[in-house]
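Got a protein model on the screen and wondering how anyone decides what counts as a strand pair or a charged patch? Let's go through it step by step.

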Amino acid sequence: MKKVMTAIFSVFAVIGIVMIIGSFVLLHTMNRFEQNAYEVDGVITDIEIRYGSDDKIDYDVYVKFWYDGEEFEDRRISSYSSDMYVGKEITLMYNPNYPDRLEVKGTKYWLFATLCGMGLIFLVLGSVYPIIMLVKNVRKKNLLRNGMALNATVEGIRWDTSLTVMGRHPYVILCAYHDVSNNVTYHFKSEGLWTNPDEVFPIGSSIEVMVDVNNYKNYYVKAQEKMSGKIVDYT
């Protein structure tokens with residue numbers, strides 16, 4: 001399940017990177033268009049509403065404008081905003097080398113910011129989980145190599161309802177270790193397990209916990225290692 005989740009989040013990260021790259025390509029393309037473009041005065045003459053198959057609403061905005069003493073009518077622009085209305089005067093960018101293309105002045109920055117911003121959101125969302133897993137794996141390996149082993153007692157098994165993947169919650173093992181010398185009881189919780197560990201770790205059984213000798217808050221419950229190969233769950 002961890003591999004599946006990492007793959008899913010990695011896809012989000014890749015989408016984010018593609019969107020960010022696409023935003024810069026779009027900005028470059030629009031900059032090239034505007035290099036030989038002229039600012040012209042235009043007026044919105046019509047706004048047509050179109051409904052897609054998924055009930056998504058799209059708008060086709062038509063304008064008339066004046067260039068070099070000539071009036072051009074019924075020309076569609078490539079963007080729409082909620083503040084547009086028939087009769088509104090707008091400033092357009094017109095390039096005679098691309099007579100079928102019209103851009104609203106300043107649109108490129110809005111499009112760039114929107115696409116790049118969405119890409120950053122996807123990238124951050126897609127990167128968080130793999131980074132967290134990487135940090136956890138580094139810490140786990142360090143504890144397995146240098147930590148001190150405690151024999152804790154399993155006190156319960158429950159679902160971790162804070163995480164849901166494809167309608168499922170992972171299991172966590174709750175265990176405790178009583179330090180007789182200091183008369184202190186330490187409670188620990190395993191990482192998320194996607195297979196019910198009850199058969200391997202029934203209530204009252206022993207489970208090994210690796211702890212940092214200098215800070216017991218840094219620990220790792222060795223559940224997955226003992227479960228590996230003992231439970232095969234095809235559900």
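## Reasoning from the model

Q: Let's start with charge: what makes Asp 46, Glu 48, Glu 71, Glu 73 and Asp 74 a patch of negative charge?
A: A quick word first: this is a predicted model. Asp and Glu count as negative, and like charges are joined into a patch within 9 Å if their residues have over 30% relative accessible area and no salt bridge. Asp 46, Glu 48, Glu 71, Glu 73 and Asp 74 gather on the surface in just such a patch.

Q: Which strands supply at least two residues each of the negative patch?
A: That would be β1 and β3. The biggest share comes from β3, with three residues. On the β1 side, Asp 46 has its place in that strand.

Q: How do you know that strand β1 and strand β4 pair?
A: Two strands pair if there are at least two bridges between them. Strand β1 (residues 38–51) and strand β4 (residues 89–94) have six, in the antiparallel sense, so by the cut-off of at least two they pair. You can look at this residue by residue: Tyr 38 stands opposite Tyr 94 in β4, and Glu 39 stands opposite Met 93.

Q: What is on the β5 side of β4, and how many bridges join β4 to β5?
A: Three bridges join them, and the two strands run antiparallel. Since pairing takes at least two bridges, three will do. Met 93 turns up again here, standing opposite Glu 103 in β5.

Q: Why are β3 and β5 said to stand at the edges?
A: Take the strand order of this open sheet, which is β3-β2-β1-β4-β5, with antiparallel pairing. β3 (70–76) and β5 (102–104) each have a single partner strand, so one side of each is left without a neighbour in the sheet. Neighbouring strands here are turned by 40° against each other on average, direction ignored.

Q: What makes Glu 39 and Lys 105 a salt bridge?
A: The cut-off is a side-chain nitrogen of Lys or Arg within 4 Å of a carboxyl oxygen of Asp or Glu. For Glu 39 and Lys 105, the N to O distance is 2.8 Å, so the pair passes the 4 Å limit.

Q: Why is it said that Glu 39 and Lys 105 link distant parts of the chain?
A: Glu 39 is in strand β1 and Lys 105 is in the loop between β5 and α2 (107–146), 66 residues apart. In total, the structure holds seven salt bridges.

Q: How do you know that strand β6 pairs with both strand β9 and strand β7?
A: Count the bridges again. Six join strand β6 (residues 148–159) to strand β9 (residues 206–212), and six join β6 to strand β7 (residues 171–179). Both run antiparallel, and both counts meet the minimum of two, so these are pairs. Towards β9, Ala 152 stands opposite Ile 207. Towards β7, Thr 153 stands opposite Ala 176, and Val 154 stands opposite Cys 175.

Q: What makes β8 and β10 the edge strands?
A: This open sheet of five strands has the order β8-β7-β6-β9-β10, with antiparallel pairing. β8 (184–189) and β10 (215–221) each pair on one side only. The twist averages 40° from one strand to the next.

Q: How many bridges hold up the claim that β9 and β10 pair?
A: Four bridges, between strands that run antiparallel. Four meets the minimum of two, so the claim stands. One of the facing couples is Val 211 opposite Tyr 219 in β10.

Q: How do you know that β7 and β8 pair, and what lies between them?
A: Six bridges in the antiparallel sense meet the minimum of two, so they pair. One of those partnerships is Asp 179 with Val 184 in β8. The two strands form a hairpin with four residues between them, and Asn 183 in the turn has a positive phi of about 55°.

Terms used: Residues numbered from 1 in each chain as written. Predicted model: local features only at pLDDT ≥ 70, side-chain atom pairs only at ≥ 80, totals over all residues. Heavy atoms only, no water. Axes fitted to C-alpha atoms, helices over the stretch in contact; angles between N-to-C directions. Patch = residues over 30% accessible without salt bridge, like charges linked within 9 Å, V, L, I, M, F, W, Y side chains within 5 Å. Areas by Shrake-Rupley, 256 points an atom, 1.4 Å probe, with all protein chains shown as cover. Charge placed at Lys NZ, Arg CZ, Asp CG, Glu CD.
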